[in-house]
Amino acid sequence: MSTILVRTPVITGLGELFTTHGLSKKTVVLFDEHTRKLYGESLLQTLHDEGFQCKELVVPAREASKSFSVAYRIYGSMIEADVDRSWNLLAVGGGVIGDLGGFIAASYFRGIPVIQLPTTLLAMTDSAIGGKVAINHPLGKNLIGFFHLPELILIDPSYLKTLPQREIYSGMAEVVKYGFIADEPFFNFLDLHFSDITSLKEPFLTEAIKKSAFIKADVVEKDFRETDGLRATLNFGHTFAHGLEKLAEYRYLRHGEAVTIGMVCALFLSYNLGYLDQQSLERGLSLLKRFRFPKGVVKRRFVAIDSELLLENMLSDKKKLDKKLRFVLLKKLGEAFLLEESVDESIVLKSIDDGRRFFSGKEAC
Ligand SMILES: NC(=O)c1ccc[n+]([C@@H]2O[C@H](COP(=O)([O-])OP(=O)(O)OC[C@H]3O[C@@H](n4cnc5c(N)ncnc54)[C@H](O)[C@@H]3O)[C@@H](O)[C@H]2O)c1
């Protein structure tokens, strides 16, 4: 499994760390244009001081960079720089850079090691961990990819100081998800310290990141290829979220925002199907109520959308199995399961409507 380090600063002593982990000091450093500007100089200087040979590459800071054409261009730059199998790749950024960098590392010269240096809350707690790496295809998101575990995941919470608040909330959705699916005491901790974490207060921020990263790593270790339903529980709220993201053209809604809305609908679905009691539903909703979205986003991207249309778009999600939607539900706060049998569409539609009322300020319970 990958080694996860959480500390500030995380980049000092990288030379020795790489050597201990059998990694060479020949490294392709992949940034997006924002992470290059914010952290590039100091990181490259540190690597230089530690005796690294680096090839720096920068891609535009947008989801569209997770594409074959961008990957193809990067392969070309690496070939021209004589990068061979003795090199490795350090991905410095959010989920876009982690996924693209991991995809390139998994495929270049039949695979070189990847090291993740996540700089968004979402990447620190979710996308950098677990080895799922992918690019998008015009017919769907994350469809072309590999399982390629990072050798190292280097997490420094202080990078979040420059992250816009919208991105903090987006990452917080995945953090809260772990409380819902795996750990009731963690849920209680998040309930108590929600605003401490979103305002980056220590030690709460680091505690939340560590706990999330280790819950994800533990799930991945037990079910790496998502074969027995355990890893699938990480998709709590995601069946709804993928439909919402698709409708928002993967541009107007952040992934975590879609997951927040999706978790509201999934809580209602768990309750409507009789798995979750009312008290737990209300506790879950009261935590999700604290998420903030830019003005008008939830209205335009969820409340105003027809439930049938959302359901149709959820059905086109790649995680469908034989056209059957798969839902992760809660039995209680801190315990999730993948429902194997199909759910009556009318109950899914009712749960979406309940979610819509929740966001309109009129809770359905
Ligand atoms: N592989 C997985 O398991 C997995 C899991 C969840 C999501 N994802 C993928 O992750 C992607 C979303 O990741 P994301 O939310 O991190 O988005 P992102 O990578 O687009 O980053 C969001 C924005 O923040 C900027 N940024 C990054 N770090 C910064 C910092 N420290 N300060 C200021 N700005 C910074 C980026 O340049 C970008 O503009 C999606 O493509 C999604 O499919 C993958």
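**A walk through the predicted model**

Histidine 255 has its place in helix H10, which covers residues 255-272. The structure discussed here is a predicted model. Histidine 255 is partly exposed, because its relative accessible area is 22% and the partly exposed class lies between 20% and 50%. Leaving aside neighbours within four places in sequence, histidine 255 is in contact with Leu122, Ser170, Glu174, His238, His242 and Glu245. The contact with glutamate 174 includes a polar one: the two side chains meet at 3.1 Å.

Glutamate 174 itself lies in helix H6, residues 165-182. With a relative accessible area of 0%, glutamate 174 is buried, since that value falls under the 20% limit. Beyond residues up to four places away in sequence, glutamate 174 touches Leu122, Thr125, Asp126, His238, His255 and Val259.

These residues also appear in an annotation. In an unreviewed entry, UniProt lists Glu174, His238 and His255 under "binding site". They are spread over 82 residues of sequence, yet they cluster in space, with a largest C-alpha distance of 10.3 Å. The same database, again in an unreviewed entry, places the feature "domain: 3-dehydroquinate synthase N-terminal" at residues 57-169. Over residues 57-169 the chain is 34% helix and 28% strand, and the C-alpha atoms at the two ends are 28 Å apart.

The ligand is the next stop. Of the 26 residues around the ligand, Asp32, Glu63, Thr119, Thr120 and Thr162 come nearest. By residue class, the shell divides into seven nonpolar, nine polar and 10 charged residues. Individual polar approaches to the ligand involve both side chains and backbone. A polar side-chain atom of histidine 34 lies 2.8 Å from an oxygen atom of the ligand. From valine 96, a backbone N or O atom lies 3.0 Å from a ligand oxygen atom. Asparagine 142 places a polar side-chain atom 3.3 Å from an oxygen atom of the ligand. Taken alone, the ligand exposes 870 Å², and the protein buries 91% of that. Two or more residues of the shell are given by each of helix H2 (33-49), helix H4 (95-107), helix H5 (121-127) and strand S7 (140-147). The largest share, four residues, comes from H2.

Asparagine 142 deserves a second look for its backbone. Asparagine 142 has its place in strand S7, and although it is not a glycine, its phi is positive, at about 55°. At 28% relative accessibility, asparagine 142 counts as partly exposed. Another positive phi in a residue other than glycine is that of aspartate 82, near 60°. Aspartate 82 is found in the loop between helix H3 (68-80) and strand S4 (88-93). At 61% relative accessibility, aspartate 82 counts as exposed, because the value is over 50%.

Helix H2 also holds leucine 47. At 0% relative accessibility, leucine 47 counts as buried. Apart from residues up to four places away in sequence, leucine 47 touches Leu14, Val29, Phe52, Cys54 and Leu90. The C-alpha atom of leucine 47 is separated by 9.2 Å from that of glycine 13, which is 34 residues away along the chain.

Helix H14, residues 345-359, contains serine 351. Serine 351 counts as buried at 0% relative accessibility. The side chain of serine 351 reaches the backbone oxygen of isoleucine 347 at 2.8 Å. Not counting residues up to four places away in sequence, serine 351 touches Cys265, Phe268, Leu269 and Asn272. Glutamate 345 also has its place in helix H14. At 47% relative accessibility, glutamate 345 counts as partly exposed, since this value does not pass the 50% limit for exposed residues. Glutamate 345 touches Leu311 and Leu315, with residues up to four places away in sequence not counted. Between the C-alpha atoms of glutamate 345 and leucine 325, 20 residues apart along the chain, the separation is 9.7 Å.

Finally, there are cis peptide bonds to note. One joins threonine 8 and proline 9, with omega about -10°. Proline 9 has its place in the loop between strand S1 (3-6) and helix H1 (14-20). A cis peptide bond also joins glutamate 202 and proline 203, where omega is about 5°. Proline 203 is found in the loop between helix H7 (184-198) and helix H8 (204-222).

Key:
Residues numbered from 1 in each chain as written. Predicted model: local features only at pLDDT ≥ 70, side-chain atom pairs only at ≥ 80, totals over all residues. Heavy atoms only, no water. UniProt positions renumbered as here; feature names shortened; annotations may be inferred. Buried < 20%, exposed > 50% of the residue type's maximum accessible area, 1.4 Å probe, protein only. Contact = heavy atoms within 4.5 Å. Polar contact = N/O pair within 3.5 Å; in protein donor to acceptor, adjacent residues only side chain to side chain. Near = heavy atom within 4 Å. Areas by Shrake-Rupley, 256 points an atom, 1.4 Å probe, with all protein chains shown as cover. Nonpolar A, V, L, I, M, F, W, Y, C, P; charged D, E, K, R; others polar.
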